[in-house]
Amino acid sequence: MRPTAKFSISFGLVTIPVAAYNATDTSASVSFVRIHTADGGRVRNQPVCSLEGVEITPDEIGRGYKPGEGDTVVPLSDEDLDALPLPTAKTLTILAFVAGGDIDPLQMGKGYYLGIDSPAAAKPYVLLREAMERHQRVGLGKIALHGRETLAMIRPMEGALVMQVLLWPHQIRSMDGVLPERQAEVARNEVSAAEALMDSFGELSEDDLHDHYRESLEEIVAAKLAHREPEFPAGEEQPAGEVMDLMAALQDSVRAAKRSRGEDEEAGSGRTAKKSTAKKSTAKKSTATKAAAKKQTAAKKTAGRGGRRAG
């Protein structure tokens, strides 16, 4: 892998030169190109000057900044950006160490692997990594990447340091208009049933972490090229429609989860049947015992009355 950026981590008076490598590969995801539906020709985005109306080459494209809502654009050169008084341009200064759970997942952005950029960086690199592991903390700081200053989180992972770009708090939108005006109320037994359903879920399998959409799309493309119908494996039909009985849906979901794990429902129903039979047998014995006791009591009373008459 080739590094996408090089900078230093400032940990107090300790400086650690590092190289950042992309931790994710978005090229493996499904992507489409735009075409002209009439003839299948590619539709491309051509850079055109809005004033002259002519196409321009990449080396003629620069940066501009809009200071307001008007049409004014201020050109900015590379020299202007290099002159910015940003200590974060070449250094990630750690500002605080916090628990990883304190970071809002909505702020999480792109991830980078951090490797040492010089032999002298090896020892302080390992020192920072082990200190965060033992202290169970992540580092928060600021760094300028690709012309923008951003928050960043550093954390240990499998013997290495990983940097996660974070959005600024003002980039997280408010939840106004998202929540319903009137909150729905759920009963305690419904929450218990939902918890039982959560417990019935197993661990993720390798198949769960597979991109089936990409494979299916590639099968459609292959079928079109071969002038045939696409072939897909038969899958389980998912239930559709609005569920009116929430409790019934939760209970059915638990049973379905057990079936998917291969648990024997018949064995469970057999145990239930045995218990039911045992209960009925016990009830019959209890009824017979009560009847015998009543007969004995009646006989005693009759014998007692007969003895008094004889006297």
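How many helices and strands does the protein chain have? The chain holds six helices and nine strands. Please keep in mind as you read that this is a predicted model. Of its 311 residues, 17% count as buried. Among contacts between residues at least 6 apart in sequence, 58% join residues at least 24 apart.

**The barrel**

Let us start with the sheet. Seven strands form a closed barrel in the order β1-β2-β6-β9-β8-β7-β5, and their pairing is mixed. On average, neighbouring strands of this sheet are turned by 40° against each other, with direction ignored.

Three of the strand pairings can be set side by side:

| Strand pair | Sense | Bridges | Facing residues |
|---|---|---|---|
| β1 and β2 (residues 14-22) | antiparallel | seven | Phe11 and Val14 |
| β6 (residues 108-116) and β9 | antiparallel | five | Tyr112 and Met163 |
| β8 (residues 148-157) and β9 | antiparallel | seven | Leu151 and Leu166 |

Strand β9 appears twice in the table, with β6 as one partner and β8 as another. Is β9 enclosed by the rest of the structure, or open? What the model shows is that six of the seven residues of β9 (residues 160-166) are buried, so this strand is largely enclosed by the rest of the structure. The hairpin of β8 and β9 has two residues between the strands, and there Glu158 takes a positive phi near 50°.

**An aromatic pair across the sequence**

Now to the rings. The count of aromatic pairs comes to one. Its members are Phe11 and Phe97, whose ring centres are 5.7 Å apart with 75° between the planes, an edge-to-face arrangement. An angle over 60° is what places a pair in that class, and 75° qualifies. Phe11 belongs to strand β1 (residues 5-11) and Phe97 to strand β5 (residues 91-98), so the pair links parts of the chain that are 86 residues apart.

Are these two rings buried or exposed? Phe11 has a relative accessible area of 25%, which makes it partly exposed. Phe97 is also partly exposed, at 34%. Both values fall between the 20% limit for buried and the 50% limit for exposed. Phe11 has a second role in this picture, as its bridge partner in β2 is Val14.

**Arg129 and its surroundings**

Moving on to a helix, Arg129 lies in α2 (residues 122-135). With a relative accessibility of 13%, Arg129 counts as buried, because the limit for that label is under 20%. What does its side chain reach? The partner is the backbone oxygen of Gly159, at 2.7 Å. Setting aside neighbours within four places in sequence, Arg129 is in contact with Pro156, Gly159, Ala160 and Leu161.

**A check on helix α4**

One last item concerns helix geometry. Helix α4 (residues 212-225) has 14 residues, and at 1.5 Å a residue it should span 20 Å. Its end C-alpha atoms are 20 Å apart, which agrees with that expectation. After α4 comes His227, with a positive phi near 55°.

Definitions and conventions:
Residues are numbered from 1 along each chain as its sequence is written. This is a predicted model: local features need pLDDT of at least 70, side-chain atom pairs count only at pLDDT 80 or more; totals for chains, interfaces and linings use all residues. Side-chain values use heavy atoms; hydrogens and water are left out. Rings of Phe, Tyr and Trp (its six-membered ring) pair if their centres lie within 6.5 Å; planes under 30 degrees apart count as stacked, over 60 as edge-to-face and the rest as tilted. Helices (H or I, at least four residues) and strands (E, at least two) are DSSP runs, numbered from the N terminus. Buried means under 20% relative accessible area, exposed over 50%, partly exposed in between (1.4 Å probe, protein chains only). The expected span of a helix is 1.5 Å times one less than its number of residues. A polar contact is a pair of N or O atoms within 3.5 Å; within protein, one must be able to donate a hydrogen and the other to accept it, and residues adjacent in sequence count only if both atoms are side-chain atoms. Contact means heavy atoms within 4.5 Å. Two strands pair if DSSP finds at least two bridges between them. Axes are lines fitted to C-alpha atoms, for helices over the stretch in contact, and angles run from 0 to 180 degrees between N-to-C directions.
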